[in-house]
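User: Can you walk me through this model? I'd like to start with the ligand and then go over the fold.

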Amino acid sequence: MSTKTASSLPTVHELIRNRWSPRSFSEKPVSLEDLATILDAGRWAASSYNEQPWRFIVAAKENAADFQKLLGLLVPFNQAWAKSAAALMLIVAKKTFSHNNTPNGYALHDAGAALATMALQATALGLHMHGMAGFDHDRARTELGIPDDFAIAAFAALGYLGSPDQLPEGARQQEIAPRTRKPLAELAFAAAWQAPLPLS
Ligand SMILES: Cc1cc2nc3c(=O)[nH]c(=O)nc-3n(C[C@H](O)[C@H](O)[C@H](O)COP(=O)(O)O)c2cc1C
C-alpha cells in the first residue's frame with residue numbers, strides 16, 4: 001500500500017496531507033455507517049446563502065445494478081480502475097437559488113466544497129475518495145433523470161486503498177509517484193495580481 005503524504009508545510013493538518021486520489025481500491029466494502037458519515041460531512045459544507053445546492057447520487061458495490069449503472073457512465077479509462085471502488089457517486093448542483101429562483105453562480109463552487117469535505121471525512125475514516133470529470137455528462141443526465149435545473153458537477157470513487165500492482169503499468173507508476181503541487185508563490189499574492197506575499 002502506498003501512502004502519499006503531501007510534501008506540504010509540516011504544519012498543514014495531517015488529514016489534508018494524507019488525502020489523495022488513488023486508482024487502486026481493495027475489495028473491502030464501505031459500511032453504511034461510514035457512507036452516511038461521509039455524505040453527512042458533505043451536507044455540512046459551507047455554501048452561498050446556505051443554499052446547499054449539492055445532491056449526491058450514490059451506489060455501493062453491493063447494489064450491483066446501481067453500481068454498474070454509474071460505472072457505465074464513466075469514460076473507459078476511469079471505468080478500468082473505478083470498477084474496483086467500493087462505491088461511486090455523482091455530485092450535481094442546483095443552478096438556481098431556492099429563495100428567489102435567480103441563478104446561483106456559486107452552485108458548482110459549493111458542490112466542489114462538498115466533495116472536498118467528503119474527501120477529508122473519508123480520509124479520517126481510513127478511506128479514499130477520487131474525483132472524476134471523465135464521464136458522459138449527457139448520458140448521466142438522461143439515464144439518472146437529473147432535472148434541467150441541476151448542473152452536473154463531478155463523479156467520485158470511494159473505497160479502501162488497494163495494491164498498486166493491480167493497475168496496468170502506466171497507472172501503477174502514477175499511483176506510486178509522489179504528489180506534486182505548484183509552489184505557493186505562484187498561487188498566493190499580496191493585494192495586486194502576482195505581487196509577492198511575504199509569509200515569513
Ligand atoms: C473535479 C475532479 C475531476 C477529476 N477527474 C479525474 C478523472 O476523470 N480521472 C482520474 O483518474 N482522476 C481525476 N481526478 C483526480 C486528479 O487527477 C487528482 O486529484 C490530482 O491529480 C491531484 O492528486 P491528489 O488528489 O492525489 O492530490 C479528478 C479530480 C477532481 C477534483
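User: By class, how many nonpolar, polar and charged residues does the shell around the ligand have?

Analyst: Five nonpolar, five polar and four charged. Ala, Val, Leu, Ile, Met, Phe, Trp, Tyr, Cys and Pro count as nonpolar, Asp, Glu, Lys and Arg as charged, and the others, Gly among them, as polar. This is a predicted model, where local features need pLDDT of at least 70, side-chain atom pairs count only at pLDDT 80 or more, and totals for chains, interfaces and linings use all residues. Residues are numbered from 1 along each chain as its sequence is written, and side-chain values use heavy atoms, with hydrogens and water left out.

User: Which residues are the closest to the ligand?

Analyst: S21, R23, H130, A133 and R181, out of 14 that surround the ligand. A residue is near if one of its heavy atoms lies within 4 Å of the ligand.

User: What is 2.8 Å from a nitrogen atom of the ligand?

Analyst: A polar backbone atom of A133. A polar backbone atom of G131 is 3.0 Å from a ligand nitrogen, and an N or O atom in the side chain of N78 is 2.9 Å from a ligand nitrogen. A polar contact here is a pair of N or O atoms within 3.5 Å; within protein, one must be able to donate a hydrogen and the other to accept it, and residues adjacent in sequence count only if both atoms are side-chain atoms.

User: Which elements give two or more residues to that shell?

Analyst: α4 (76–82) and β3 (128–132). Helices (H or I, at least four residues) and strands (E, at least two) are DSSP runs, numbered from the N terminus.

User: On to the sheet. What is the strand order?

Analyst: β1-β2-β4-β3, an open sheet of four strands with antiparallel pairing. Two strands pair if DSSP finds at least two bridges between them.

User: Why is one side of β1 and of β3 left without a neighbour?

Analyst: β1 (54–60) and β3 are at the edges and have a single partner strand each, so one side of each has no neighbour in the sheet. β3 pairs with β4 (residues 150–159) over five bridges, and M129 has L158 as its bridge partner in β4.

User: Where does helix α2 lie?

Analyst: α2 (residues 32–43) lies across β1, β2 (87–94) and β4, at about 165° to β1. Helix α5 (residues 107–124) also packs on the sheet, touching β1, β2, β3 and β4, with its direction at about 150° to that of β2. Contact means heavy atoms within 4.5 Å; axes are lines fitted to C-alpha atoms, for helices over the stretch in contact, and angles run from 0 to 180 degrees between N-to-C directions.
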